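Open the model in your viewer and keep the sequence panel beside it. The stops below say what to select next and what is there.

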Amino acid sequence: MAQFETLKLDKGLYTSAKGFTAELENVDPSENYKGTALEGLDAFERQLKRFDIKIHGAGSDSIEKFFKTSDSAALFPEYVARAVRKGLEEADVLKDLIATKTNINGMDYRTIASVPTDAEKELKITAEGAAIPETAVHTQENLVKLKKRGRMLVASYEALRFQRLDLFTVTLKQIGAYIARTQLKDAVEVLEKGDGNSNPAPVVSLNSKPLDYAALVDFWNGFDPYALNTMIAAPDRAAAILKMPEMRDAAAGLTFHGTGKAVTPFGAKLLKSAAVPTGKLIGLDKTCALEMVTAGGILTEYDKLIDKQLERAAITQISGFSKIYTDAAKVLA
């Protein structure tokens with residue numbers, strides 16, 4: 001009998017800072033299954049196979065299949081977390097905004113920053129024996145503000161037990177999409193107003209003039225030495241860009257009409273979001289503007305879910321954002 005078929009599963013696997021699947025991998029490494037029919041499955045997926053639980057497709061099982069035994073019931077919170085995470089990833093725009101993602105085990109995090117002067121941004125020739133120009137890196141004065149975002153799953157086990165997992169996954173993915181949208185709103189607020197360390201984005205004013213191609217070029221030109229490679233715009237500003245004559249270029253138009261993904265005439269990725277205030281557009285160098293900080297992954301009240309107490313079970317994620325280089329993001333308003 002294979003090792004994965006004899007493992008004892010319980011709530012204790014969720015108490016580890018590493019997470020449920022990581023703990024399973026410790027006792028049942030995936031590398032042991034290379035060259036077998038189970039190659040390509042992680043430790044959690046092997047447990048689904050062990051209990052013959054199908055979570056995808058028209059032939060998916062009902063929710064009650066998880067609760068046939070106490071061991072299989074321990075898999076249910078991880079299934080919920082994965083479905084929520086999948087919805088978050090599918091709706092996630094943050095990957096186009098953040099330069100790095102930091103995962104911490106606590107609630108307090110103080111990031112580092114470097115605020116170079118114009119002179120420090122230039123790598124000048126250093127004469128023999130002369131001092132080499134310095135780049136100062138320091139910790140920020142204020143902690144990164146972490147916020148808990150999520151939803152309360154409110155339903156009785158009796159109401160859900162016969163529902164197919166494939167359908168229930170759709171509901172859970174929507175919870176993930178909600179978390180993604182609220183995290184995006186948090187990120188936009190930090191990009192524009194700063195993270196509490198006196199670092200709001202510089203504002204480039206149109207002075208009541210219409211947003212046209214010339215204004216975009218001037219905005220792009222003002223980013224040196226950074227690169228304007230991403231723009232996230234309020235719906236009205238995104239529409240104004242797409243209506244510019246320059247966007248009628250055959251290649252740009254073909255890309256937008258064929259994929260729904262807009263590009264600007266000078267190559268920056270254009271994102272539309274209602275999280276950006278009306279009349280504003282935020283441009284940034286995504287390689288060095290924003291850091292995302294998370295305290296763990298998707299968190300579930302695993303004890304309630306395992307005990308079939310679905311009446312009020314919270315599904316959350318804790319995250320926050322900090323500025324890295326202040327001038328790497330600017331607001332056009």
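## Stop 1: the loop before α7

Select Asn-207, which is found in the loop between β5 (203-204) and α7. The model you are looking at is predicted. Asn-207 has a phi near 55°, a positive value in a residue other than glycine. With 59% relative accessibility, Asn-207 counts as exposed, because the cut-off for exposed is over 50%.

Now select Ser-208, which lies in the loop between β5 and α7. Its phi is near 70°, again a positive value in a residue other than glycine. Ser-208 counts as exposed, at 79% relative accessibility.

## Stop 2: the loop after α7

Move along the chain to Gly-222, in the loop between α7 (213-221) and β6 (230-233). Is Gly-222 buried, partly exposed or exposed? At 34% relative accessibility, Gly-222 counts as partly exposed. Add Lys-330 to the selection: Gly-222 and Lys-330 are 108 residues apart along the chain, and their C-alpha atoms are separated by 9.4 Å.

Pro-225 has its place in the loop between α7 and β6. Select Asp-224 together with Pro-225 to see the cis peptide bond that joins them, with omega at about 10°.

## Stop 3: the whole chain

Zoom out. The protein chain has 10 helices and 12 strands. Of its 333 residues, 44% count as buried. Which share of the contacts between residues at least 6 apart in sequence joins residues at least 24 apart? In the protein chain that share is 80%.

## Stop 4: α1 against α2

Select helix α1 (residues 20-27) and helix α2 (residues 43-50). The two helices pack at an angle of about 80°, and their axes are 8 Å apart. That angle makes α1 roughly perpendicular to α2, since angles of 65 to 115 degrees count as roughly perpendicular.

Show side chains to see which residues meet. On the α1 side these are Phe-20, Thr-21, Leu-24 and Glu-25, and on the α2 side Ala-43, Phe-44, Arg-46 and Gln-47. The residues of this contact of α1 with α2 divide into four nonpolar, two polar and two charged.

## Stop 5: three residues of α6

Gln-183 lies in helix α6 (residues 165-193). Gln-183 counts as buried, with 1% relative accessibility. Which side chain does the side chain of Gln-183 join in a polar contact of 3.2 Å? The partner is Ser-319. Leaving aside neighbours within four places in sequence, Gln-183 is in contact with Leu-88, Leu-94, Met-292, Gln-317, Ser-319 and Phe-321.

Select Asp-186 next, which lies in helix α6. Asp-186 is buried, with a relative accessible area of 6%. Not counting residues up to four places away in sequence, Asp-186 touches Lys-147, Arg-149 and Phe-321. Add Gly-320: its C-alpha atom is separated by 7.4 Å from that of Asp-186, although the two residues are 134 residues apart along the chain.

The last stop in this helix is Glu-192, which is found in α6. Glu-192 counts as buried at 12% relative accessibility, because buried means under 20%. The side chains of Glu-192 and Lys-280 are joined by a polar contact of 2.5 Å. Residues up to four places away in sequence not counted, Glu-192 touches Pro-200, Ala-201, Pro-277, Lys-280, Ile-282 and Val-331.

## Stop 6: aromatic rings

Colour the aromatic residues. The count comes to 12 aromatic pairs. Select Tyr-14 and Tyr-302: their ring centres are 5.2 Å apart and their planes at 10°, so the pair is stacked. Tyr-14 lies in the segment before α1 and Tyr-302 in helix α10 (residues 302-306), so the pair ties together parts that are 288 residues apart in sequence. Tyr-14 is buried, with a relative accessible area of 14%, whereas Tyr-302 is partly exposed, with a relative accessible area of 24%.

To finish, select Phe-66, Phe-67, Phe-76, Tyr-79, Tyr-157 and Phe-168, which form one aromatic cluster.

Notes:
Residues numbered from 1 in each chain as written. Heavy atoms only, no water. Axes fitted to C-alpha atoms, helices over the stretch in contact; angles between N-to-C directions. Helix = DSSP H or I, 4+ residues; strand = E, 2+ residues; numbered from the N terminus. Parallel < 35°, antiparallel > 145°, perpendicular 65-115°, else oblique. Contact = heavy atoms within 4.5 Å. Nonpolar A, V, L, I, M, F, W, Y, C, P; charged D, E, K, R; others polar. Buried < 20%, exposed > 50% of the residue type's maximum accessible area, 1.4 Å probe, protein only. Polar contact = N/O pair within 3.5 Å; in protein donor to acceptor, adjacent residues only side chain to side chain. Phe/Tyr/Trp six-rings, centres within 6.5 Å; stacked < 30°, edge-to-face > 60°.
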